[in-house]
Amino acid sequence: MFKAPVQKSRIIITPRLHALKDKFEQHPGCFLFHTPYTNKAKRAGEITRLMSDLKAYIDAYGANPFFQTTVLPKVLVTLDSSGKVLDVLRSCGATDKFLYVVDEFQCLMGDAAFKGNTDMNFLIRIDSEVKRICYLSATPIPDLFLDEVPQFNGIPYIKLEWDPAVLEEPNIREVQMKNGESAEVLCGRIIQDFKANDYFARKTVNGRMVCSTEVCIFLNEVRSIRNIITKNGLRPEEVTILCSENKASELPSGFKPSGLCTDRSNPVNKPFTFCTKASFEGVDFYSTNAITYVFINAGKEWQTLDIMLDIPQILGRQRLDINPFRHDATVYYKTKPDCLSENEFRMQQQMMEQESEKFIDDFNNSSPAMKERLIKLVRDKAADKKFTEDYVDVFQVNGQATLGINHLVQVAKWNQWHQRSHYYTNSCQLTASIRSAVKMNVKPQAVKDFEAWYYSAPEKDRLKGYSDFRNANPQFDGLLLQNPFIDQRCHEWYGVLGYDTLAGLDFDTTKIQIHNNLYKV
């Protein structure tokens, strides 16, 4: 019989496998319910073995009295495999002995467009079978959206706010990609600069020059990672890749998805870490000097998770305070000006909702034979045809297939429109949303204004603008020196030659080189 204390036994469920592997390496006493991605026949056997091992794990805690007061059961499982764990717990009569923690639950909405059926079936089952559930996220979804999903509506919602005194504002450089530019092209430049300089970025901290020799690059697709690796001749010993296991076959020969270093006391990482959108949530990155690049493709229809959720998640991955670049990030993005107006979008959604309700009414009033045909019709619909005219989907309720409205996809569409309408179509709003989302407002406004000017200013004007600002605002010297996105030559020339000498040379880099041959143009 299972007798472990109820309040401390946990089932940790998350949509992201890498996060579970990360937690398991740090807490090996847990039970990780996972089988590697493999062929269907072999996988079935592995799942059967895992379910047997899990039952033995649970039974051991009931049989061993020492476990009741020392080590308590904790099971780690992905959302996709959680049904198998529920089956085991039900067979053991232990379903109600656990608290179920759904971590990184904001991914349910982010994944809705391409796996909404799996996620809705998960919500339906866990809501009907489990008494104690906690949905947890460091970047939660607004109440406005949650209330539209029946399984979330009305549940207690607790939000914890950080003490402003302990917050440090991130240093985010926003860059709108030009025509012809892509993540692959820009990453190629980053890689070539690193190979030429042996660092990704530099800045001065407490009077000492520090360098970033590790980079975390966040991209949309594994295909982009493959092309970047191939075109730039990167080797497996230089690269860490975080992506789903079922995408491993798309990687170049010799490369495979692998986790980051989990030793926070002595982290050793490869220079390049590539992360896809569906792999980084919940993963702890331990680095003493990694800097971050984020590439956002607003044209992807399936990318429903908006920038206000992505950016805080990404910046929060760097866990070590000793990393001077942990809050530094460059965000590359493209605008999408053809966003529907609010009235157009509302009318579109009303039509889809009405069509969904009519479809469900017809289904409920059909004969058993016709219901089976309608279920097959919806199940067999091509992926690119689903959710274009309605939100009807196939669900499992009490072990039986039926049709219903996929509220996760419905809400995700609203979130997607909101994202594109308010952020991607206006670069100023994009910048403001990032600042607002991470809720960090420590840097003086004058410094923010200068940095925004510097990032977008023509190259020929930057040294003069930089020198003018420092000359007029010496109290901000420390903040500017810690910005890795300002050309280090500006710092060096100003520090060695001073404002008057630079002004006498017309802030001309060619004249400065002639004047002081220690500095290269």
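In what order do the five strands of the open sheet sit?

**View 1. The open sheet, strand by strand.** In this predicted model, the order runs β2-β3-β1-β4-β5, with parallel pairing. At the edges you'll find β2 (31-33) and β5 (133-136), each of which pairs on one side only. From one strand to the next, the twist averages 20°.

**View 2. Where β2 meets β3.** Strand β3 covers residues 74-78, and three bridges tie it to β2, the two running parallel. Look for Phe31: it stands opposite Val75 in β3.

**View 3. Helices on the sheet.** Helix α1 (residues 17-26) packs on the sheet and touches β1 (10-14), β2, β3 and β4 (99-103). Its direction makes about 155° with that of β3. Helix α3 (residues 82-92) lies across β1, β2, β3 and β4, and runs at about 145° to β3.

**View 4. Two nonpolar cores.** The largest nonpolar core has 50 residues, and Leu219, Phe272, Phe274 and Phe295 have the most contacts inside it. Helix α7 (residues 183-197) supplies the largest share, six residues. Apart from this core lies another, of 43 residues, with Phe31, Ile58, Phe98 and Leu123 among them.

**View 5. Around Phe274.** Leaving out residues up to four places away in sequence, Phe274 touches several partners, including Ile217, Leu219, Ile225, Val239 and Thr240.

**View 6. How far to trust the picture.** The chain's mean pLDDT is 83. Confidence is highest in α7, at 95, and lowest in helix α13 (residues 427-438), at a mean of 50. Over residues 298-309 pLDDT stays under 50, though the model has 54 contacts there beyond four places in sequence. Where pLDDT is low, the predicted coordinates shouldn't be read in detail.

Notes: Residues numbered from 1 in each chain as written. Predicted model: local features only at pLDDT ≥ 70, side-chain atom pairs only at ≥ 80, totals over all residues. Heavy atoms only, no water. Core = buried A, V, L, I, M, F, W, Y, C linked by side-chain atoms within 4.5 Å. Buried < 20%, exposed > 50% of the residue type's maximum accessible area, 1.4 Å probe, protein only. Helix = DSSP H or I, 4+ residues; strand = E, 2+ residues; numbered from the N terminus. Contact = heavy atoms within 4.5 Å. pLDDT = per-residue confidence, 0-100. Pairing = 2+ DSSP bridges. Axes fitted to C-alpha atoms, helices over the stretch in contact; angles between N-to-C directions.
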